[in-house]
Amino acid sequence: MAATNNPLAQSSAGGPGVSCETLTIGGLKVDIYGLSELPAAASKISCLWLHHPRLGIKEDMAGIANKILFASHYRQSSAARGLIAVAFDQRNHGSRLVDKIANEAWREGNKTHAQDIFGTITGTVSDTIHLLDTLESYLFGAGHGLGAMPDGGKRNIDHNMVLGVSLGGHSAWQLLFADPRVTAGVMVIGCPDFMSLMKDRARLSKLQTFSTQDNGASFIGSRDFPDGLVDACKKYDPKSILFGTSDIPSPLPDSDKERLRPLLDNRISGKRLQILSGDMDKLVPYSISTPFLYFLRDAVGTWYKDKGVYVVDNVYTGAGHLFNADMRDDASDFVLDCVALADGNNKTTPKI
């Protein structure tokens, strides 16, 4: 298995910056970017939630926050809408670190790697949902918060997006499927299929619980991926929510389309998704996500086309496990397009 590198190594925080305020909100240290730059008349706020990589910290997201927010000041489509970005430390990271080994992989001696990483992912989703409930009251109060309008008018966060990298890409997938308030997501070198990702990692780590005779099927439910974790995946992870432990059939039978339509209605109807992957990524290989992404692209382009789901699936030639300059440019454009659409006709043509 490829060693964990810093996928944000090429994402410099240099260049033009924006304001950043760190507040304690609901027991979490939270960085809020762009409060001071909000247009004076902006009563409606778009919020971009930033999820950092494994072994990272919230400050690692400063570069992409600065890039997107600085660009937004030149593409301001409405004085009535503003954009902020929010980052916090994922569980057992940064200011919340309690056990270093729990962030490591099987090869580094962490016997509960699968449980630990999944717990961090779902914990980040839970923390974001908690902050979705509380952030507005801290920032804007009843016209008297830190980010309140100069004239005392009320502001509200009515548009939420997420951008996550690596581990944060996994949690961005889960957040999109978990909360209807989050209507757009940028998943950078993340995976919507946790079971398959861990099964491939078990193969590369040469775990005894991975058998080449059944291509790893018996790994699911083993001591390294126990039944309780399987059940959790079926509750929270996109592929497992829709298909459980089964492979995704291709072509998809009509009976599955009928079964899946209400599930998709509840999870992603009307949402915008951008998936950014490197074709040389060995830590989170694009091939692991391919069956799910093929299903999703086919669905939104054919039998689920009427629900306004917009999917962009970009694979970058020669890119490994990193958030490179081309990805950052595309992510910034996507986020700003979503903000521009927040007050307009968001029934865009589904893209494959």
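This is a guided tour of selections to make in the structure shown above, which is a predicted model.

**First stop: helices H1 and H9**

Begin by selecting residues 62–72, which form helix H1, together with residues 325–341, which form helix H9; the two pack at an angle of about 50 degrees, with their axes 10 Å apart. H1 and H9 are therefore oblique to each other, and the crossing in which H1 passes H9 is right-handed. To see the contact itself, display the side chains of Ile-64, Lys-67, Ile-68, Ala-71 and Ser-72 on H1, and those of Arg-328, Asp-329, Ser-332, Val-335 and Leu-336 on H9. Coloured by class, this contact of H1 with H9 shows five nonpolar, two polar and three charged residues.

**Second stop: from Val-335 to Val-125**

Keep Val-335 selected and add Val-125, which lies 210 residues away along the chain, with 20 Å between the two C-alpha atoms. Val-125 belongs to helix H2, residues 113–140, and it counts as buried, because its relative accessibility is 7% and the cut-off for buried is under 20%. If neighbours within four places in sequence are set aside, the residues in contact with Val-125 are Ser-171, Gln-174, Leu-175 and Ala-178.

**Third stop: helix H3**

Next select residues 167–178, helix H3, whose 12 residues reach 17 Å from the first C-alpha to the last, close to the 16 Å expected at 1.5 Å a residue. Of these 12 residues 11 are buried, so H3 is largely enclosed by the rest of the structure. Among the buried residues of H3 are Ser-171, Gln-174 and Leu-175, each of which is also in contact with Val-125. Trp-173 is another of the buried residues in H3, and it leads to the next selection.

**Fourth stop: Leu-296**

Select Leu-296 in helix H8, residues 286–301. With neighbours within four places in sequence left aside, Leu-296 is in contact with Trp-173, Ile-268, Leu-273 and Val-311. Leu-296 is buried, with a relative accessible area of 1%. From here, Leu-197 can be picked as a distance partner, 99 residues apart from Leu-296 in sequence and 18 Å apart in space, C-alpha to C-alpha.

**Fifth stop: helices H2 and H4**

Return to H2 and add helix H4, residues 194–204; this pair packs at an angle of about 145 degrees, with the axes 11 Å apart. The crossing in which H2 passes H4 is right-handed. On the H2 side, show His-113, Ala-114, Ile-117, Phe-118 and Ile-121, and on the H4 side show Phe-194, Met-198 and Arg-201, since these residues make the contact. By class, the contact of H2 with H4 comprises six nonpolar, one polar and one charged residues.

**Last stop: the backbone in three loops**

Most residues other than glycine have a negative phi, and most peptide bonds are trans. Ile-189, in the loop between strand S6 (182–188) and H4, has a positive phi near 40 degrees, and this residue is buried, with a relative accessible area of 1%. Lys-206, in the loop between H4 and helix H5 (227–236), also has a positive phi, near 55 degrees, but at 70% relative accessibility Lys-206 counts as exposed. Finally, centre the view on the cis peptide bond that joins Ser-250 and Pro-251, where omega is about 5 degrees; Pro-251 has its place in the loop between helix H6 (238–243) and helix H7 (254–267).

Methods:
Residues are numbered from 1 along each chain as its sequence is written. This is a predicted model: local features need pLDDT of at least 70, side-chain atom pairs count only at pLDDT 80 or more; totals for chains, interfaces and linings use all residues. Side-chain values use heavy atoms; hydrogens and water are left out. Axes are lines fitted to C-alpha atoms, for helices over the stretch in contact, and angles run from 0 to 180 degrees between N-to-C directions. Helices (H or I, at least four residues) and strands (E, at least two) are DSSP runs, numbered from the N terminus. Angles under 35 degrees count as roughly parallel, over 145 as roughly antiparallel, 65 to 115 as roughly perpendicular and the rest as oblique. A crossing is left-handed if the near helix is turned anticlockwise from the far one by less than a right angle, and right-handed if clockwise. Contact means heavy atoms within 4.5 Å. Ala, Val, Leu, Ile, Met, Phe, Trp, Tyr, Cys and Pro count as nonpolar, Asp, Glu, Lys and Arg as charged, and the others, Gly among them, as polar. Buried means under 20% relative accessible area, exposed over 50%, partly exposed in between (1.4 Å probe, protein chains only). The expected span of a helix is 1.5 Å times one less than its number of residues.
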